[in-house]
There are 2 protein chains.
Amino acid sequence: MKTIDIAIVGLGTVGSGVARILTEQSDRVTRHAGRRLRLTQVVVRDVNKTRDCQLPREIISDQLSRIIGDPDIQVVAQLIGGLEPARTIMFQLLDAGKDIVTANKALLAEHGPELFDHARKLGRSIAFEASVAGGIPIITNIEQCLSANQITSLRGILNGTSNFIVSQMEGGGADYTDAVAEAQERGYAEADPTMDVDGTDAAQKLAILAHLAFGARVRWSEIPKMGIQSLDLADLRFAHELGYRIKLLAVAELTDGGLELHVSPTLVRVGTPLGEVRGAYNAVGIVGDAVGRVFFHGLGAGQMPTASAVMADLIDTAVGRTQLTFRTLELWSQREASVQLCDPDQVPGRFYLRLTADDHPGVLADITGVLAQHQISIASLIQHEVDPAFSTEGVLLVIMTHVVNEGSMNNATRSIQGMDSIRDQIIKMRVVD
Amino acid sequence: MKTIDIAIVGLGTVGSGVARILTEQSDRVTRHAGRRLRLTQVVVRDVNKTRDCQLPREIISDQLSRIIGDPDIQVVAQLIGGLEPARTIMFQLLDAGKDIVTANKALLAEHGPELFDHARKLGRSIAFEASVAGGIPIITNIEQCLSANQITSLRGILNGTSNFIVSQMEGGGADYTDAVAEAQERGYAEADPTMDVDGTDAAQKLAILAHLAFGARVRWSEIPKMGIQSLDLADLRFAHELGYRIKLLAVAELTDGGLELHVSPTLVRVGTPLGEVRGAYNAVGIVGDAVGRVFFHGLGAGQMPTASAVMADLIDTAVGRTQLTFRTLELWSQREASVQLCDPDQVPGRFYLRLTADDHPGVLADITGVLAQHQISIASLIQHEVDPAFSTEGVLLVIMTHVVNEGSMNNATRSIQGMDSIRDQIIKMRVVD
């Protein structure tokens, strides 16, 4: 039986999980890989820190040179987050002739092209299943299992923290601040949850998926994004009344005008696969021209789900599948032409609007008149009777439109916002079925 | 650019779909495979039949020898259904040194061990993504993407015809016969739908998945199965009232006593991923010890979804990934020890019972008394008031139990069935959450 020496850089939550599978489930891994995967070096910043796994003291060090200088180590799981020193370490490992497995989405979203070009030049490979959607093997499914298809649509719930927070608000009526506190208590949110709740994390993952599925060479920071920070319980309740739930949705869709890309809170119909994704789960729905609709659902984060994805990559690389795929697909290649991004104004879609207006005759006629001028057709409308005791607060109006171009929707919204009888900021969200 | 010559045996629905992708989407396939896949031979029974694809007349023949004798053909899509001549053709192709891609689940469920052993002996490979769940890439996901996991549970809706029929009954209140007619009209059911509705098709697919996920060497005909032929609208309505839907579920689960395997109509909770699978869709929910719950959903049949799976295998084989996986996993190897199947009586589960009883004092006390004797605890019970005009028809009782061993449940059911006050056959189904 062949043996492949493996090293790990970074023994945080995910690294410890990978180390545990490699050491505790060694027989299983050998059976599924057809060869033994032996963990021979682990490099950490602080060798004295207590870890979530039992490893022989002598394989742990703070010297990357122990990996770089060991020609027997063929595959390295690079599990440090952030841009630096992760980026430099990746280059050092590639230069030392190692195949790399990583979970670092921010690094790939930012430096994918130079890293992949460098790996190609040296005949090495980079695997990154764990960088998007945790335990859901979405990378391999797009790269390999759906390879006969032109993917035409990809919609994902890619940030489990946000989905947990919104599910808490929806289920228990907690407001945003309380739901964030609950997520932090349960370990689903960081002390500073900004990157999760403002859509940054989802946009970075979408940039990676959009590259794989559509060949889009887009920087994550160019993807229009809106987060869940200002999500109001009122909108969750109205959505429920209309038969929808609100999800932070990452969308990449081919339209006649090019590729539509955005991350935003979106109304998703109850009873559809995406509409039923609750709590800290992630999900990706894909439409391919041959396969039709396929849908993947699983835990998007957490130690062992993410370790499952890293291990799948380690096994694929040990077996040799990763290298074949890597050579075949030329990911993030400078030679590849990028798909055209479409003009956001030309993106067709349905919209949800919530407005607060003065409660006097003619207001609804004025609003619906503006929509009519912009050729926007109303699919449903809610206006509840106002308790006279609160009539000074104005009347709440919720409008759901049929399909319209976003540009027209924005123009109409601006006109309505400018009306004297409209109070507060109009809330506008996308709607998908 | 390298070119790989491909042949197809059998130009039915799926074969025509594969031929269409190979010829009409040749650039895309080349890009995703890193080499050109050229369709050079197609063997059919009747060369004069009109087909659903445009192919040069000269590549179509009824002579298998044109594939066998062409050393340039490296990969063959064998797309004939049934056991013979499919089995003989598979052996001939392997003997001629071809790697094979097939969609024939019945053949694999029946002759997997001899076919795979023969391929191994000759250093060839067999890929079979399209044999289970159509467009859902469940084979690759189990073999490769979840390879770090001990899978502990697999639950699938593997027969789209049955799921369509039950969805029709549920949604529109059609009875079984009408729903079958509707399925036939829409092309979801064969003229003789027996294999689909009696659970045979699902059991064959479950035998393949149980082998991959658990190493179970079980013949499909040994898997306990019940179909949907005698499903009554009354049960769909009661299930709905309890918050469940009925699905033909294929289950493989590791229990303390061994592997539990069966196919049967099962109550699945509304709002869970499996509970929301409607119409002709398939789905598979898997629990792995690292990844947790993952769920896959897509079209389980149809020309292009199945062709998508066959094409993924053709590309994997052209790239070389299939061969690596095939050599690594030793599928259906005689050397591999099989997991122990558990005693059906020892399988724990929840159950749904529907009984028709005489409407007189003491009946409910007698029934619940028998359940108590067998230590069966009741989770919910429905008894609706009977219209006096129909009181001679007896009273309908629906009981949902907490978890109990199937043996105890069967004993209790037999005792209750034997009571004088019980009319008709008691309906018993499993329940999952």
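**Exercise 1. One residue in chain A**

In which helix of chain A is the place of A:V363? Work this out on the predicted model, then describe the surroundings of A:V363.

Solution. Step 1: A:V363 belongs to helix α14 of chain A, which covers residues 363-373. Step 2: a residue counts as buried when 20 or more other C-beta atoms lie within 10 Å of its own. A:V363 has 20 other C-beta atoms within 10 Å, and is therefore buried. Step 3: with neighbours within four places in sequence left aside, the contacts of A:V363 are A:A357, A:D358 and A:S421. Step 4: A:Q229 is 134 residues away from A:V363 along the chain, and 30 Å separate their C-alpha atoms.

**Exercise 2. The two sides of a helix**

Which residues of helix α8 of chain B are buried, and which residues on the other side are exposed?

Solution. Step 1: helix α8 of chain B spans residues 176-185, and its buried residues are B:A179, B:V180 and B:A183. Step 2: these residues lie on the same side of α8(B), because they cover an arc of only 100° around the axis. Step 3: B:T177 and B:E185 are exposed on the other side of α8(B). Step 4: the cover over the buried residues of α8(B) includes α7 (160-172) of chain B. Step 5: after α8(B) comes B:G187, with a positive phi near 80°.

**Exercise 3. A parallel sheet**

Give the strand order of the open six-stranded sheet in chain A, and examine how β4 and β5 pair in chain A and in chain B.

Solution. Step 1: the order in chain A is β3-β2-β1-β4-β5-β6, with parallel pairing. Step 2: β3 (60-61) and β6 (126-127) of chain A are the edge strands, each paired on one side only. Step 3: within chain A, β4 (residues 73-78) runs parallel to β5 (residues 99-102), and four bridges join them. A:V75 faces A:D99 in β5(A). Step 4: in chain B, β4 (residues 73-78) and β5(B) also pair in the parallel sense, over four bridges, with B:D99 as the bridge partner of B:V75. Step 5: side chains in a regular strand alternate between the two faces of the sheet. In β5 of chain B, B:D99 and B:V101 are buried on one side, and B:I100 and B:T102 are buried on the other, so both faces are covered.

**Exercise 4. Domains of chain A**

How many residues do domain 1 and domain 2 of chain A each give to their contact?

Solution. Step 1: the domain assignment of chain A lists domain 1 (3-134 + 305-329), domain 2 (151-299) and domain 3 (345-432). Step 2: taken over C-alpha atoms, the centres of domain 1 and domain 2 of chain A are 28 Å apart. Step 3: domain 1 of chain A gives nine residues to the contact and domain 2 of chain A gives eleven residues. Step 4: on the domain 1 side, helix α5 (residues 105-121) of chain A has the largest share, with four residues. Step 5: by class, that side of domain 1 has six nonpolar, two polar and one charged residue.

**Exercise 5. The two chains**

Determine how chain B is related to chain A, and describe their contact.

Solution. Step 1: a turn of 180° and a shift of 0.0 Å along the axis lay chain B on chain A with an RMSD of 0.0 Å. This is the relation of a two-fold axis. Step 2: both copies use the same surface, and 100% of the contact residues of chain B recur in chain A. Step 3: the contact takes 46 residues of chain B and 46 residues of chain A. Step 4: among the elements that give two or more residues on the chain B side are α2 (26-33), α6 (138-145) and β11 (292-299) of chain B; α12(B) gives the most, nine residues. Step 5: the side of chain B that touches chain A has 23 nonpolar, 17 polar and six charged residues. Step 6: β11 (residues 292-299) of chain A pairs with β11(B) in the antiparallel sense over five bridges, and B:G298 is the bridge partner of A:V294.

**Exercise 6. Backbone exceptions**

Where do cis peptide bonds and positive phi values outside glycine occur?

Solution. Step 1: most residues other than glycine have a negative phi, and most peptide bonds are trans. Step 2: the bond from A:E84 to A:P85 is cis, with omega near 10°, and A:P85 is in the loop between β4 and α4 (86-95) of chain A. The bond from B:E84 to B:P85 is cis too, with omega near 10°. Step 3: A:W332, not a glycine, has a positive phi of about 50°. A:W332 is buried, with 22 other C-beta atoms within 10 Å. Step 4: B:A133, also not a glycine, has a positive phi of about 65°. B:A133 is buried, with 32 other C-beta atoms within 10 Å.

Notes. Residues numbered from 1 in each chain as written. Chains lettered and ligands numbered in written order. Predicted model: local features only at pLDDT ≥ 70, side-chain atom pairs only at ≥ 80, totals over all residues. Buried ≥ 20, exposed ≤ 12 C-beta atoms within 10 Å, placed from the backbone. Arc of directions from axis to C-beta. Contact = placed C-beta atoms within 7 Å. Least-squares fit on C-alpha atoms with pLDDT ≥ 70 in both. Pairing = 2+ DSSP bridges. Domains from an automatic or database assignment. Nonpolar A, V, L, I, M, F, W, Y, C, P; charged D, E, K, R; others polar.
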